[in-house]
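Subject: Structure handover

Hello,

Here is the structure I said I would pass on. Please look through the sequence and the model before reading the notes below.

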Amino acid sequence: MPVLDLYPNPVQDQVVMLRMDQPGRSDGSAIVTIYDGEGRRAMTTTLPFQNGLLHAALELSPDLTSGVYFVKVQAGEVSRIGRLVIQR
């Protein structure tokens with residue numbers, strides 16, 4: 001089962017690292033959506049998935065204020081959700 005890692009967490013700057021492995025999937029793209037604590041979409045981007053691995057630096061929007069967010073990564077039929085704390 002794929003695991004979504006977000007680090008550093010909590011994050012204080014504009015960049016968070018994402019890592020998710022997807023056994024059996026080679027290349028493609030993953031849709032990354034960040035939701036605020038009330039479930040509103042705050043940010044969406046697409047990142048490349050290569051050799052069954054998503055490992056990328058995600059630049060956070062400066063509009064994201066301090067708080068708890070949920071990061072959803074959708075790669076094909078597989079999706080994972082992680083919690084991200086932003087401290088500004």
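The notes below go from the overall fold to single residues.

This is a predicted model, in which local features need pLDDT of at least 70 and side-chain atom pairs count only at pLDDT 80 or more, while totals for chains, interfaces and linings use all residues. Residues are numbered from 1 along each chain as its sequence is written, and side-chain values use heavy atoms, with hydrogens and water left out.

Overall fold

The protein chain has seven strands and zero helices; both are DSSP runs numbered from the N terminus (helices are H or I, at least four residues; strands are E, at least two). Along the sequence the pattern reads β-β-β-β-β-β-β. The C-alpha atoms fill a box of roughly 35 × 20 × 20 Å along the principal axes. The radius of gyration of the chain is 12 Å, which agrees with the value near 12 Å for a compact globule with 88 residues. That radius is taken over C-alpha atoms, and the globule rule is 2.2 Å times the number of residues to the power 0.38.

Of the contacts (heavy atoms within 4.5 Å) between residues at least 6 apart in sequence, 56% join residues at least 24 apart. Buried residues make up 36% of the 88 residues. Buried means under 20% relative accessible area, exposed over 50%, and partly exposed in between (1.4 Å probe, protein chains only). The chain exposes about 5,100 Å², with carbon and sulfur atoms supplying 48% of it; accessible areas come from the Shrake-Rupley method with a 1.4 Å probe, and for residues only the protein chains shown count as cover.

Core

A nonpolar core is a set of buried Ala, Val, Leu, Ile, Met, Phe, Trp, Tyr and Cys residues joined through side-chain atoms within 4.5 Å. The largest one here has 23 residues, and Leu60 and Val73 have the most contacts inside it. Strands that give two or more residues to this core include E1 (4-7), E4 (41-49) and E7 (78-86). E6 gives the most, with four residues. Leaving aside neighbours within four places in sequence, Val73 is in contact with ten residues' worth of partners listed as Leu4, Leu18, Met20, Ala30, Ile31, Val32, Leu54, Val78, Ser79 and Arg80.Salt bridges

There are two salt bridges in the structure, each a side-chain nitrogen of Lys or Arg within 4 Å of a carboxyl oxygen of Asp or Glu. Arg40 meets Asp36 at 2.9 Å, N to O, and Glu38 meets Arg40 at 2.8 Å, N to O. Asp36, Glu38 and Arg40 are thus linked in a network. Asp36 is buried at 14% relative accessibility, Arg40 is partly exposed at 48%, and Glu38 is exposed at 63%.

Surface patch

Val68, Phe70 and Ile81 form a nonpolar patch on the surface, with about 260 Å² of accessible area together. Patches are made of residues with over 30% relative accessible area and no salt bridge, with like charges joined within 9 Å and nonpolar side chains (Val, Leu, Ile, Met, Phe, Trp, Tyr) within 5 Å. Phe70 is found in strand E6 and is partly exposed, at 34%.

Backbone

Most residues other than glycine have a negative phi, and most peptide bonds are trans. The bond from Tyr7 to Pro8 is cis, with omega near -5 degrees, and the bond joining Asn9 and Pro10 is cis, with omega about 15 degrees. Pro8 lies in the loop between E1 and E2, as does Pro10. Asn51 has a positive phi, near 55 degrees; Asn51 lies in the loop between E4 and E5 and is exposed, at 70% relative accessibility.

Regards
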